[in-house]
Amino acid sequence: MAPLLTPTDEARAAAARIAELSGRGHHEVALVLGSGWSEVVTGLADPGSAVTIAPADLPGFATPAVAGHRGTVTSCLVDGVPLLSVAGRTHLYEGRGTGPVVHPAHVAAASGARALVLTNAAGGLRDDLAVGDLVLIRDHLNLTGRSPLTGPLFVDMVDAYSPRLRAAAADAMAAVDAGRPSEGVYAAMPGPQYETPAEIHMLRTLGADLVGMSTVPETITARGLGLDVVAVSLVTNLAAGVTGQPLDHSEVLAAGAAGSARLTGALRALVPAVARC
């Protein structure tokens, strides 16, 4: 798709600073690590290839306000593929506007990336999903009431999550994860409160398989910038009303910590597969 957006001036400045500090003027793939995923950054890079930068040293990046988001930007190689990894995202519910939320997508484009890999923690809505499952997002419901776009920017969202990249990612993840990941529809809610049982019933009726509070603004922006997107949810809890148990953010962090080695292996397989697809 031809880009309808161009990277912001702040994104171009951040990309230039990353290139200066890392010695890499181009990154093939960009990755945003969501809640529960941040610890995989320590084992993701090829040995000796990682250059880690604090967000405060880069224009436009906000320090993460949510527990479980490491707050680093890393340039590295993954099986020889230049990767720009952002460990920690800004969410709409933080009240900073859409700009900081989608800034990593703009930086990805300014750094030369062709593909953006998004990860998140999600509540599972489908009966066959269990805590610890990895699910490739095939489509989304934007129920945040917000868009990162302003003006007459009519971005085509058909196949927003690239079928080609999803297939390549699924093959790569299956080879290291002893099972092919399923696919699902992700519902983005505004947060920060968790959903009520009635809201979960509504989401199931609408066809959602997963629910969370991120990912969709970055996807919309990435598509406007001409990037291909592949997104992976880690099921960290079963949504309200499914088990009858109360929900807590510590569940999210615990699920990520428990599966960190598995998540690292999945991403080490996924990144080069996406780059070479």
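Cys-277 counts as partly exposed, at 36% relative accessibility, whereas Cys-76 is buried, with a relative accessible area of 2%. Here buried means under 20% relative accessible area, exposed means over 50%, and partly exposed is in between (1.4 Å probe, protein chains only). A disulfide is a covalent bond between the sulfur atoms of two cysteines. Taking a disulfide as a pair of cysteine sulfur atoms within 2.5 Å, a search of the whole structure turns up zero.

This is a predicted model, in which local features need pLDDT of at least 70 and side-chain atom pairs count only at pLDDT 80 or more, while totals for chains, interfaces and linings use all residues. Numbering starts from 1 along each chain as its sequence is written, and side-chain values use heavy atoms, with hydrogens and water left out.

On to the strands around β4. Helices (H or I, at least four residues) and strands (E, at least two) are DSSP runs, numbered from the N terminus, and two strands pair if DSSP finds at least two bridges between them. Six of the seven residues of β4 are buried, so this strand is largely enclosed by the rest of the structure. Strand β1 (residues 29–33) runs parallel to β4, joined to it by five bridges, and Ala-30 stands opposite Leu-84 in β4. With β3 the sense is antiparallel, and seven bridges join β3 to β4. Thr-74 has Ser-85 in β4 as its bridge partner. The hairpin of β3 and β4 has two residues between the strands, and Asp-79 takes a positive phi there, near 55 degrees.

A second set of pairings involves β6. Strand β6 (residues 134–142) pairs with strand β7 (residues 182–188) in the parallel sense over seven bridges, and the partner of Asp-139 in β7 is Val-185. Three bridges also join β6 to β9, and these two run antiparallel. Leu-134 is matched there with Leu-234 in β9.

Strand β9 (residues 228–238) also holds Thr-236, which is buried at a relative accessible area of 2%. The side chains of Thr-236 and Asn-237 are joined by a polar contact of 3.3 Å. A polar contact is a pair of N or O atoms within 3.5 Å; within protein, one must be able to donate a hydrogen and the other to accept it, and residues adjacent in sequence count only if both atoms are side-chain atoms. Another threonine, Thr-215, sits in the loop between β8 (210–212) and α6 (216–224). Thr-215 is buried, with a relative accessible area of 0%. Its side chain makes a polar contact of 2.8 Å with the side chain of Asn-120, plus one of 3.1 Å with that of Ser-214.

Next, the empty space. Rolling a probe the size of a water molecule over the atoms shows where empty space is left. On a 1 Å grid over the protein atoms alone, a cavity is a set of points where a 1.4 Å probe fits but cannot get out; a pocket is an open set with protein on both sides within 12 Å along at least five of seven lines, and lining residues have an atom within 4 Å of a point. Grid points are joined across faces, edges and corners, and a volume is the space filled by probe spheres set on the points.

The structure holds three cavities of 30 Å³ or more, and about 100 Å³ of space lies in the largest. The lining of the largest cavity is made up of 16 residues, with Phe-61, Ala-62, Val-86, Gly-88 and Thr-90 nearest its centre. The elements that give two or more residues to this lining are β3 (72–78), β4 (81–87) and α3 (98–110), and α3 gives the most, with three residues. By type, the lining of the largest cavity divides into nine nonpolar, six polar and one charged. For these classes, Ala, Val, Leu, Ile, Met, Phe, Trp, Tyr, Cys and Pro count as nonpolar, Asp, Glu, Lys and Arg as charged, and the others, Gly among them, as polar.

The second largest cavity has a volume of about 40 Å³. Among the residues lining this second cavity are Thr-90, His-91, Thr-144, Met-213 and Ser-214. As for pockets, the second largest has about 160 Å³ of space. Of the 15 residues lining this pocket, Thr-8, Thr-98, Gly-99, Val-102 and His-106 lie nearest its centre. Helix α3 supplies the largest share of the pocket lining, six residues.
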